Amino acid sequence: MKKAIYLVLAFVLLVLSACGNGTTTNTTSNNETTKSTETTETTETTETTDSKEINLYTARHYDVDDTLYAKFEEETGIKVNVIKGEADELLERIKREGDATEADLFLTADAGRLFRAKDEGLLQAVSSDLLDEQVPANFQDKDQMWYGLTKRARVIVYNKENVKPEDLSTYEALTEEEWKGRVLIRSGENVYNQSLLASFIEINGEEQAKEWAAGIVSNLARDPEGGDRDQAKAIAAGIGDVAIMNTYYLGQMLNSEDAEEVKVAEGLGVFFPNQETTGTHVNVSGAGVVKASKNKDNAIKLLEFLSAPESQTTFAEANYEYPVNDSVESTELLQSWGEFKEQNISLSALGDNNAKSILIFNEVGWK
Ligand code: FE2
């Protein structure tokens with residue numbers, strides 16, 4: 001009797017496994033899902049390659065980046081061939097080279113520029129559990145075409161002798177009468193400012209963003225010229241009292257070998273605007289895997305390496321940028337400027353609103 005039951009059971013199992021392909025697949029994929037959530041270090045890439053190199057097109061020119069690439073080579077045995085240039089030149093080159101391009105990874109400052117690469121169809125989506133763990137969702141492209149690697153804050157810097165922090169509050173307040181002829185900021189052609197305005201468009205709408213831009217133009221201490229560092233120098237020279245600039249320039253100046261730069265930076269205070277309202281504007285340097293990449297796996301590995309805690313600390317220490325990986329603490333100097341609330345938007349919006357920003361800058365005469 002028992003034997004008969006076993007036989008029936010065995011038959012039923014046989015039938016189930018023969019017609020149950022769907023069931024079998026589901027079980028396997030469920031197992032895989034479980035495995036990848038448990039072991040967060042597993043990437044989801046399916047492509048495998050034996051290649052031991054990666055070609056990186058980068059618009060960043062910092063020594064610390066080269067140090068990190070050397071460390072990556074040492075740890076993985078994957079050679080990083082670095083091709084440096086201006087962001088727009090590199091993009092043109094990737095476009096021109098088409099499918100034959102050797103570029104695997106494109107790295108540049110500003111989400112607005114990363115958007116351009118995506119918009120031109122030069123990047124591809126990649127997915128990696130480790131990247132998702134290390135780079136918060138709002139610092140990634142919404143379609144996973146690029147990932148932020150370092151964070152920067154665009155703040156108000158002020159002359160400590162003429163301005164008290166109590167005099168400052170928001171980016172919007174700089175358009176008020178008391179700041180007439182005292183505000184310094186670089187050109188509207190610069191992508192940092194385009195992204196700043198793009199964030200205001202996202203948060204406050206186009207009308208208010210335009211009002212802000214027009215208000216700043218009418219309070220400028222001089223026609224926009226030079227880079228962020230030059231705005232700091234113009235404060236020291238008495239041309240204006242406040243400037244909008246990225247904090248890492250101040251870190252670089254404070255640690256500069258040029259005594260004059262150190263003196264300029266020491267006379268300046270850092271103020272994080274909009275703490276009671278919408279938060280301070282933040283942006284990223286980041287990178288995306290090139291669509292025609294021949295070494296996609298290695299490109300993802302480099303992205304994972306650069307967003308890992310150790311690399312994030314190195315970026316913060318050497319270049320005074322904030323870690324994008326929120327498991328990492330920023331450095332003593334960065335902490336000395338204070339904690340701050342960030343704008344609560346996805347940086348994808350900076351790219352989406354870039355064209356509108358340029359239009360507004362032209363309309364209000366922000367040179
Ligand atoms: Fe910069």
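Are tyrosine 248 and tyrosine 249 buried or exposed? Both residues are buried, where buried denotes under 20% relative accessible area, exposed over 50%, and partly exposed the range in between, computed with a 1.4 Å probe on protein chains only. The structure is a predicted model, in which local features need pLDDT of at least 70 and side-chain atom pairs count only at pLDDT 80 or more, while totals for chains, interfaces and linings use all residues. Residues are numbered from 1 along each chain as its sequence is written, and side-chain values use heavy atoms, with hydrogens and water left out.

The hydroxyl oxygens of Tyr248 and Tyr249, together with that of Tyr192, are the protein donors of the iron ion, at 2.0 to 2.1 Å from the metal; donors are N, O and S atoms within 2.8 Å of the metal (3.2 Å for Na, K and Ca), and sites may look incomplete because water is not among the atoms. Along the sequence, these donor residues follow the spacing Y-x55-Y-Y.

Tyr192 is also one of the buried residues of helix 7, a segment covering residues 191-204; helices (H or I, at least four residues) and strands (E, at least two) are DSSP runs numbered from the N terminus. Helix 7 reaches 19 Å from its first C-alpha to its last, close to the 20 Å expected for its 14 residues at 1.5 Å a residue, the expected span being 1.5 Å times one less than the number of residues. Eleven of the 14 residues are buried, leaving the helix mostly covered. At its start, a side-chain oxygen of asparagine 190 comes to within 2.8 Å of the backbone nitrogen of tyrosine 192, and just after the helix, glycine 205 adopts a positive phi of about 90 degrees.

Tyr192 and Tyr249 recur in the largest pocket, being, with Ala59, His61 and Tyr62, the closest to its centre of the 18 lining residues. A pocket is here an open set of points on a 1 Å grid over the protein atoms alone, where a 1.4 Å probe fits, with protein on both sides within 12 Å along at least five of seven lines, and lining residues have an atom within 4 Å of a point. The volume of the largest pocket is about 370 Å³. Helix 4 (87-97), strand 3 (105-109) and helix 10 (247-254) each supply at least two lining residues, the largest share, three residues, coming from helix 10.

Terms used
A polar contact is a pair of N or O atoms within 3.5 Å; within protein, one must be able to donate a hydrogen and the other to accept it, and residues adjacent in sequence count only if both atoms are side-chain atoms. Grid points are joined across faces, edges and corners, and a volume is the space filled by probe spheres set on the points.
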